[in-house]
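User: Please take a close look at a single part of this model and place it in its surroundings. I would like one connected account, with the cut-offs behind each term.

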Amino acid sequence: MNETTLVQEASRVLAARLPAGWKQRVTRLESRSKGRPDALLDVTGPDGAKVRLSVEAKTGLVPRAVAELKTRLGEYSSDPGLVVSPFLTRSTRERLRAENVNFLDLTGNVRLVLARPGLYVETQGAEQDPSPKREPGRSLRGAKAARMVR
């Protein structure tokens with residue numbers, strides 16, 4: 001899954017979880033240079049108050065990379081950040097919570113906390129990756145296989 005598709009799907013997941021009266025609009029940044037996020041997400045409250053989120057799309061994220069990711073999001077702007085991924089493990093989600101980083105995965109694990117306009121969304125999604133990476137099959141070649149055949 002590429003970043004464009006990931007951001008589009010994440011936008012769809014977030015739209016389904018926003019309260020009534022809230023709107024969102026995604027701006028995909030085509031020319032990606034250092035110091036720019038993957039996309040910008042504008043969230044507008046029912047009273048018209050708006051906040052812009054810097055979106056960082058990751059096809060995979062491990063807990064030890066969260067601190068570096070938080071630093072990178074802080075370098076983009078003073079706007080809050082949002083990490084989107086196809087699936088985030090429990091330990092990665094806990095680490096993101098500890099670092100106060102908003103996150104969303106395509107299985108429905110969402111945590112979005114905004115001060116102005118005031119918004120708190122937290123939902124649980126899948127606990128296990130619905131499409132895990134496939135392990136390569138064992139080969140029937142080599143010394144061990146030959147011993148078994150004999």
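Analyst: Helices (H or I, at least four residues) and strands (E, at least two) are taken here as DSSP runs, numbered from the N terminus. The model is predicted, and local features need pLDDT of at least 70, side-chain atom pairs count only at pLDDT 80 or more, while totals for chains, interfaces and linings use all residues. Residues are numbered from 1 along each chain as its sequence is written, and side-chain values use heavy atoms, with hydrogens and water left out.

The part I have chosen is strand β6, residues 110–114, of which four of the five residues are buried (under 20% relative accessible area, with exposed over 50% and partly exposed in between, for a 1.4 Å probe and protein chains only). On one side, β6 pairs with strand β5 (residues 102–105) in the antiparallel sense over two bridges, where pairing requires that DSSP find at least two bridges between the strands. Within this ladder R111 of β6 is the bridge partner of F103, and in the hairpin, which has four residues between the strands, G108 takes a positive phi near 115 degrees.

Strand β7 (residues 119–123) also runs antiparallel to β6, and five bridges join the two, with L114 standing opposite L119 of β7. The hairpin from β6 to β7 passes through four residues, and P117 lies in this loop. The peptide bond from R116 to P117 is cis, with omega near 0 degrees. Most peptide bonds are trans, and most residues other than glycine have a negative phi.

These pairings belong to an open sheet of seven strands, in the order β1-β2-β3-β4-β5-β6-β7 and with mixed pairing. Because β1 (23–28) and β7 stand at the edges with a single partner strand each, one side of each has no neighbour in the sheet. The twist averages 25 degrees from one strand to the next, where axes are lines fitted to C-alpha atoms (for helices over the stretch in contact) and angles run from 0 to 180 degrees between N-to-C directions. Helix α1 packs on the sheet and touches β6 among its strands, its direction making about 175 degrees with that of β1; contact means heavy atoms within 4.5 Å. Helix α3 (residues 90–98) likewise packs on the sheet, touching β4, β5, β6 and β7, and its direction makes about 155 degrees with that of β5.

The surroundings of β6 also include a nonpolar core, meaning a set of buried Ala, Val, Leu, Ile, Met, Phe, Trp, Tyr and Cys residues joined through side-chain atoms within 4.5 Å. The largest such core has 22 residues, of which V43, V84, L104 and L119 touch the most other members. At least two of its residues come from each of α1, β2 (39–44), β3 (50–57), β4 (81–85), β6 and β7, and α1 gives the most, with five residues. A second, separate core of ten residues includes L61, V66, L96 and V101. Returning to β7, and not counting residues up to four places away in sequence, L119 touches L112, V113 and L114, as well as L18, P19, W22 and V43.

Finally, two residues outside the strands deserve mention. S11 is found in helix α1 (residues 3–17) and counts as buried because its relative accessibility is 18%. N100, by contrast, lies in the loop between α3 and β5, where it has a positive phi of about 55 degrees although it is not a glycine, and it is exposed, with a relative accessible area of 62%.
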